[in-house]
Amino acid sequence: MSVSSVSSTVSVASQAVGLQGAKRRIVFVGLYELIAIVASSLLFMAIGQGAGSSGAMAVVASTLAILWNLSFNWLFERWEARQATRGRSVLRRVVHAVGFEGGLALILIPLMAWWFGISLWEATVLEAGLLVFFLIYTYVFNWCFDRVFGLPASAQVLAPQV
């Protein structure tokens with residue numbers, strides 16, 4: 001990275017409005033997971049699970065999702081760095097999404113079956129319902145977060161520095 005690109009990156013970040021940087025990521029993950037834990041607990045209770053068991057499973061699932069996200073993205077980016085073609089095509093993004101969600105399902109399905117004392121099939125159906133819920137929730141949460149805290153610098157249209 002050249003000195004000019006470093007200084008232009010710094011000036012772009014300094015022009016950005018709203019919550020930015022590490023503070024933005026921490027607030028984002030904290031709020032996202034807190035709401036996800038409450039929503040998941042309510043969903044588990046709606047299918048007949050006890051409040052304590054539902055809340056504990058939601059916290060465990062949230063923790064596993066965060067750890068899997070960190071691990072999977074690290075592995076994916078290592079693989080991606082070795083590819084001849086750079087960038088993120090639609091196919092690469094689909095592979096990323098399916099790989100992440102598929103891996104998380106492989107972790108959560110047997111855990112939920114054991115935790116709730118249900119069959120693997122029932123846990124698979126439960127996971128499918130959670131997947132649909134989280135698809136919608138993630139879209140709505142991101143939209144609301146950006147409306148409340150502003151867009152990240154990478155998405156803002158900024159006036160050029162003179």
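## Cores and helix packing in an all-helix model

In the largest nonpolar core of this chain, which holds 20 residues, the members that touch the most other members are Phe44, Met57, Leu104, Leu108, Met112, Phe116 and Leu126. Two or more residues of this core come from each of α3 (51–81), α4 (90–116) and α5 (120–149), and the greatest contribution is that of α4, with 9 residues. The structure is a predicted model, and what follows should be read with that in mind.

Leu104 can serve as an example of how the core is joined: when its neighbours within four places in sequence are left aside, Leu104 is in contact with Leu64, Ala65 and Trp68. Apart from the largest core there is a second, separate core of 6 residues, among them Leu19, Tyr32, Tyr137 and Phe141.

### The chain as a whole

The secondary structure of the protein chain consists of 5 helices and 0 strands, and the pattern read along the sequence is α-α-α-α-α. Of the 162 residues in the protein chain, 26% are buried. The accessible surface of the chain comes to about 10600 Å², and carbon and sulfur atoms account for 72% of that surface. Where contacts link residues at least 6 apart in sequence, 66% of them join residues at least 24 apart.

### How the helices cross

Two helix pairs, both involving α4, are set out below.

| Helix pair | Axes come within | Crossing angle |
|---|---|---|
| α4 and α5 | 8 Å | roughly 130 degrees |
| α3 and α4 | 10 Å | roughly 150 degrees |

Because angles over 145 degrees count as roughly antiparallel, the crossing at roughly 150 degrees makes α3 and α4 roughly antiparallel to each other. The axes of α4 and α5, by contrast, cross at roughly 130 degrees, and these two helices are therefore oblique to each other. The crossing of α3 and α4 is right-handed, and the crossing of α4 and α5 is likewise right-handed.

On the α4 side, the contact between α4 and α5 is made by Glu101, Ala105, Leu108, Ile109, Pro110, Met112, Ala113 and Phe116, while α5 supplies Leu120, Ala123, Thr124, Leu126, Glu127, Leu130 and Leu131. Several names recur here from the opening paragraph: Leu108, Met112, Phe116 and Leu126 take part in this helix contact and are also among the residues that touch the most other members of the largest nonpolar core.

Notes:
Residues are numbered from 1 along each chain as its sequence is written. This is a predicted model: local features need pLDDT of at least 70, side-chain atom pairs count only at pLDDT 80 or more; totals for chains, interfaces and linings use all residues. Side-chain values use heavy atoms; hydrogens and water are left out. A nonpolar core is a set of buried Ala, Val, Leu, Ile, Met, Phe, Trp, Tyr and Cys residues joined through side-chain atoms within 4.5 Å. Buried means under 20% relative accessible area, exposed over 50%, partly exposed in between (1.4 Å probe, protein chains only). Helices (H or I, at least four residues) and strands (E, at least two) are DSSP runs, numbered from the N terminus. Contact means heavy atoms within 4.5 Å. Accessible areas come from the Shrake-Rupley method with a 1.4 Å probe; for residues, only the protein chains shown count as cover. Axes are lines fitted to C-alpha atoms, for helices over the stretch in contact, and angles run from 0 to 180 degrees between N-to-C directions. Angles under 35 degrees count as roughly parallel, over 145 as roughly antiparallel, 65 to 115 as roughly perpendicular and the rest as oblique. A crossing is left-handed if the near helix is turned anticlockwise from the far one by less than a right angle, and right-handed if clockwise.
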